[in-house]
Amino acid sequence: MTFGKYKASSIEVLIAEDSPTQAEKLRHLLDEHGYRVRVMPNGKEALAAARLQKPTLIISDVMMPEMDGFVLCGEIKRDEQLKDIPVILLTSLFDIRDIMKGLECGADNFIRKPYEDQYLLARIDYLLMNQELRKNQVMQMGMQIYLGGQKHFITAERQQIVDLLISIYEDAVHINKELHARQLELAHSNRLLSGLYRIAEGLNQAVSEREVCEKALEYAMELPGVESGWFYLRDDNNFRVVAARNVAPSLLAAESTKELCECQRLFLAGDLGHVTNIVKCARIERAEDDETLGLRCHITVPLWIGNQNCGMMNLMGAEQDLFKDNELETLHGVGHLVSIALERACLHEHMEKLVKERTTALTAEIVRCKEYEARIVRLNRIYSVLSGINTTIVRVRGVQELFDKACRIAVDHGQFVFTWIGMFNAETQNITPLAKAGRDEGYLAQLKLTDLVNSPGNSWLIAEAITQLKPAICNDLTTGEPMQIRHAAALERGYQSKVVLPLIVGSELVGTFVLYAPETGFFDEEEMALLIEMAGDISFAMDHLKKEERINYLAFFDAVTDLPNRALFLDRVNQRISNLDQDHKVLSVIFLDIERFSSINESLGHQAGDVLLCELAIRLKQMVENTDILARLSADHFAIAIQHEEESTDIAHVLEKILFGIEDRPFVIGGQELRISARAGTASYPADGKDTDKLLQNAETALKKAKLSFDKHVFYAPEFNTRVTEKLRLETKLREAVEQEQLVLHYQPKIDLESGQISGLEALMRWKDPENGLVPPMNFIPLLEETRMILEAGRWALGKAISDSKKWQTMGLNPPKVAVNVSPIQLRQKDFVSMVASVINGAGDVSIGLELEITENVIMQDIEANIKKLKIIRDMNIEVAIDDFGTGYSSLSYIAKLPVNVLKIDRAFIINMTTNADDLSIVSAIISLAHSLHLRVIAEGVETHEQANLLRELKCDEIQGYLFSPGVITSKIEEFLHQKKSLCRM
């Protein structure tokens with residue numbers, strides 16, 4: 001080796017190093033490259049040796065006894081004979097102080113321990129080549145620098161500084177490479193540790209052999225360098241692939257696994273005791289690159305359970321040495337964890353098998369016990385039914401009550417799914433159901449119960465019981481496809497078995513008792529013995545009750561007309577009177593007399609008279625309501641008790657209807673037409689009598705007055721006659737008013753509290769009577785509702801409100817939404833929604849703001865049906881308001897469900913809210929409630945600015961009342977809208 005014009009053999013290097021090992025290593029390196037070397041143990045001896053014989057180059061350790069490297073270098077550079085000798089300092093310390101000491105002492109280069117041999121040789125080569133340049137560079141540089149927070153003044157040759165900086169830079173590059181390598185190693189280790197941790201964590205959750213292998217492979221894919229993997233487990237001398245990830249199918253195919261690969265051979269030979277790198281796998285070598293993705297090597301991790309090798313985990317990567325030795329040792333530990341997990345899984349599966357076998361045995365034993373217990377329970381249930389029905393038989397007073405309770409007892413005590421009792425008609429072969437209990441869901445209505453003997457249909461079991469007069473049983477309704485089809489409806493409802501028990505009185509079949517059980521095989525010999533006894537008891541009770549009923553019937557009913565007699569009429573009216581005080585209603589008793597009835601008996605005979613009485617009774621039943629009480633009191637006298645509203649004209653209409661109905665059509669008796677007429681007298685509770693006897697007496701007195709005055713009917717109290725007559729007159733006028741369009745709409749504005757502007761209008765119905773002028777609504781609206789004329793009037797009001805709004809639109813007045821009140825009678829109609837839709841559709845294609853106001857109590861009646869109606873109304877873009885809120889009995893749970901937009905607070909709370917703290921609290925609570933449900937709030941009856949200001953503070957949205965305006969005619973509204981009248985704040 002040559003350095004410029006020098007040969008290595010001519011170059012002498014003086015080494016100052018206190019460590020014999022380091023000194024020998026450095027001497028050996030330089031000797032190998034042809035340098036002559038002298039080694040001194042410290043700086044003091046090295047300085048003496050240099051002065052004795054001048055070397056070409058000095059290499060010195062920094063940290064030495066006697067004299068350190070910095071002092072040695074300084075002495076060399078201060079010696080005129082030695083100062084041109086290049087000095088390289090070796091140090092394990094390399095901070096700012098080292099650099100400054102190196103510059104201050106004149107060092108030519110720094111090399112950090114530990115160093116690379118080639119780097120040291122390169123620095124020696126560089127210094128020797130530049131030695132001549134350094135000799136010619138005599139320029140000294142003095143400078144003041146700041147390093148490490150301290151001030152330093154150095155004097156050095158320029159080349160020395162350059163060399164030292166180059167040395168520092170190269171060393172920094174070297175350090176950076178080392179740090180990068182360490183960083184890669186650390187990242188590799190971190191990934192390895194993370195993967196190992198995830199494997200261990202995943203194994204804790206695996207409970208089966210496949211789960212263990214799948215989890216281990218799932219997280220092994222996170223190990224650095226691992227691209228794919230698979231598990232071989234051994235069964236005898238055969239290997240099976242339990243799990244695989246990213247492995248070509250051809251490598252794992254059945255024909256491939258028949259040929260042993262390298263890892264399998266090692267396994268069978270017993271040489272797979274540790275993790276092994278399989279660099280060349282013949283099976284992988286034969287596979288195509290696109291199958292293996294270029295992966296050519298794998299490691300094999302043996303899996304041991306106890307002292308037995310049970311399989312292996314193969315991990316494949318692209319690198320020749322996928323893992324280092326220490327990592328292979330770690331993976332050996334992973335193999336141990338997987339082996340433990342496999343052993344645990346094997347144990348778990350074995351325990352599961354044992355538990356399953358034991359559970360099966362216990363289940364069979366439990367089933368036997370349960371079958372025995374179920375048998376006891378079924379018998380107890382039947383005993384309970386038998387006992388309950390026998391107790392009921394002693395107490396009931398009617399066949400219907402007997403049937404109802406028998407069915408209910410069978411369901412409640414016997415736990416039958418469904419039971420029913422029907423009466424048999426021998427002439428028509430039909431059964432008519434009279435009572436039922438349990439889960440019907442329309443099943444009974446599907447049964448064919450007519451002409452059962454000739455055409456049984458799906459009631460063949462009932463037909464069998466009727467024909468043979470003995471119980472008919474089907475213990476499994478699911479047996480066979482025809483049976484399943486025939487009993488599909490029963491099976492859908494949970495009926496599994498069925499029995500039909502005939503009910504026999506004397507020797508005749510009178511009915512059937514049908515029971516459906518939720519179990520198959522329910523009706524065995526013991527159960528049937530009890531059920532037959534139960535049917536016999538019910539049959540006996542029917543016979544007894546039938547006889548008793550006939551006796552009771554004759555005591556309380558008229559034998560000719562089947563109407564209640566005088567005794568039963570008195571009893572029923574007394575019961576009705578006892579409840580009247582709570583209902584605040586009136587009960588009127590009509591005493592009816594058939595004129596010239598005795599002449600019919602005399603001319604046509606008593607039989608014809610009885611037939612006439614029966615036909616008259618039938619006609620009277622058709623004319624009275626189901627809630628009315630009709631009775632025959634004597635030969636030609638009938639009584640009718642009717643409950644009605646106080647001051648109502650209903651009783652007058654009923655009287656007219658009855659008397660007209662008797663005279664309107666002739667009665668045909670024995671082929672002969674007979675026309676009859678009647679007169680009536682009426683007395684009312686409580687005004688005309690406090691008990692039934694007094695009412696009948698006064699009603700008969702009124703009848704006598706009617707005969708004397710030749711009137712068709714007379715009320716006992718003259719003043720009542722007068723009131724009814726006046727009300728009938730008003731009703732007639734009101735009907736004319738509706739027909740002749742005497743009804744008009746006034747409008748009361750609603751005011752937005754924030755802006756003071758008109759935000760809505762409420763349509764108010766008025767009657768413009770030609771004789772008496774404007775009639776207040778309270779004087780005619782109740783009568784409209786009582787006579788149901790409100791339906792026609794309400795439809796007119798809705799149409800008129802829409803018409804007025806359309807007119808205001810055409811005038812360019814931009815009208816606000818209009819609210820129309822809905823009567824309870826209207827809302828209860830089934831066609832209410834369609835009526836509203838037809839009125840709106842009849843208005844044409846014009847968009848207007850429409851709102852329906854419905855009082856709180858009306859909405860809460862039949863709440864579910866009203867919610868459905870109001871939802872449809874909302875879908876028609878019509879808003880809904882609850883009127884008079886706070887005066888009813890709303891449930892808060894329903895308020896949240898109601899499809900409404902507005903709550904209107906009743907004026908009763910507004911009037912006293914400024915002086916009554918309770919009313920103020922109620923108003924505040926209603927507003928808060930409404931806003932929480934996203935509803936607007938309107939306060940009714942606002943008459944003072946003080947009320948308006950208080951409502952504004954409570955965040956009420958709108959007000960309505962005399963403070964702004966009462967209800968006014970349409971022209972006044974037009975004036976308000978044209979002037980944009982608003983509410984001034986005070």
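Mentor: Rings of Phe, Tyr and Trp (its six-membered ring) pair if their centres lie within 6.5 Å, with planes under 30 degrees apart called stacked, over 60 edge-to-face and the rest tilted. This is a predicted model, where local features need pLDDT of at least 70, side-chain atom pairs count only at pLDDT 80 or more, and totals for chains, interfaces and linings use all residues. Residues are numbered from 1 along each chain as its sequence is written, and side-chain values use heavy atoms, leaving out hydrogens and water.

Trainee: Which residues do ring pairs link into a cluster?

Mentor: Searching the whole structure turns up 14 aromatic pairs. Ring pairs join some residues into a cluster, and its members are F418, Y443, Y495 and Y516.

Trainee: How are the rings of F416 and F523 arranged?

Mentor: Check the distance and then the angle. Their centres are 6.2 Å apart and their planes sit at 5°, so call this pair stacked.

Trainee: How many residues apart in sequence are the parts that F416 and F523 tie together?

Mentor: Find the loops, using DSSP runs numbered from the N terminus (helices: H or I, at least four residues; strands: E, at least two). F416 is in the loop between α15 (399–412) and β15 (418–425). F523 is in the loop between β19 (508–517) and α20 (525–556), so the pair bridges a sequence separation of 107 residues.

Trainee: Are F416 and F523 buried or exposed?

Mentor: Go by relative accessible area with a 1.4 Å probe on protein chains only: under 20% is buried, over 50% exposed, and in between partly exposed. By that yardstick, F416 and F523 are both buried.

Trainee: What angle lies between the planes of F522 and F523?

Mentor: F522 is buried too, just like F523. The two rings are 5.0 Å apart, centre to centre, and form an edge-to-face pair, with the planes at 75°.

Trainee: Which residue lies over the face of F667?

Mentor: For a charge over a ring, NZ of Lys or CZ of Arg must be within 6 Å of the ring centre and within 35 degrees of the ring normal. K25 has its charged end over the ring of Y115, 5.4 Å from the centre. Over F667, at 3.8 Å from the ring centre, you'll find R619.

Trainee: Why does E327 count as buried?

Mentor: E327 belongs to helix α14 (residues 325–395). L193 is 134 residues away from E327 in sequence, yet their C-alpha atoms are 9.7 Å apart. E327 counts as buried because its relative accessibility is 6%.
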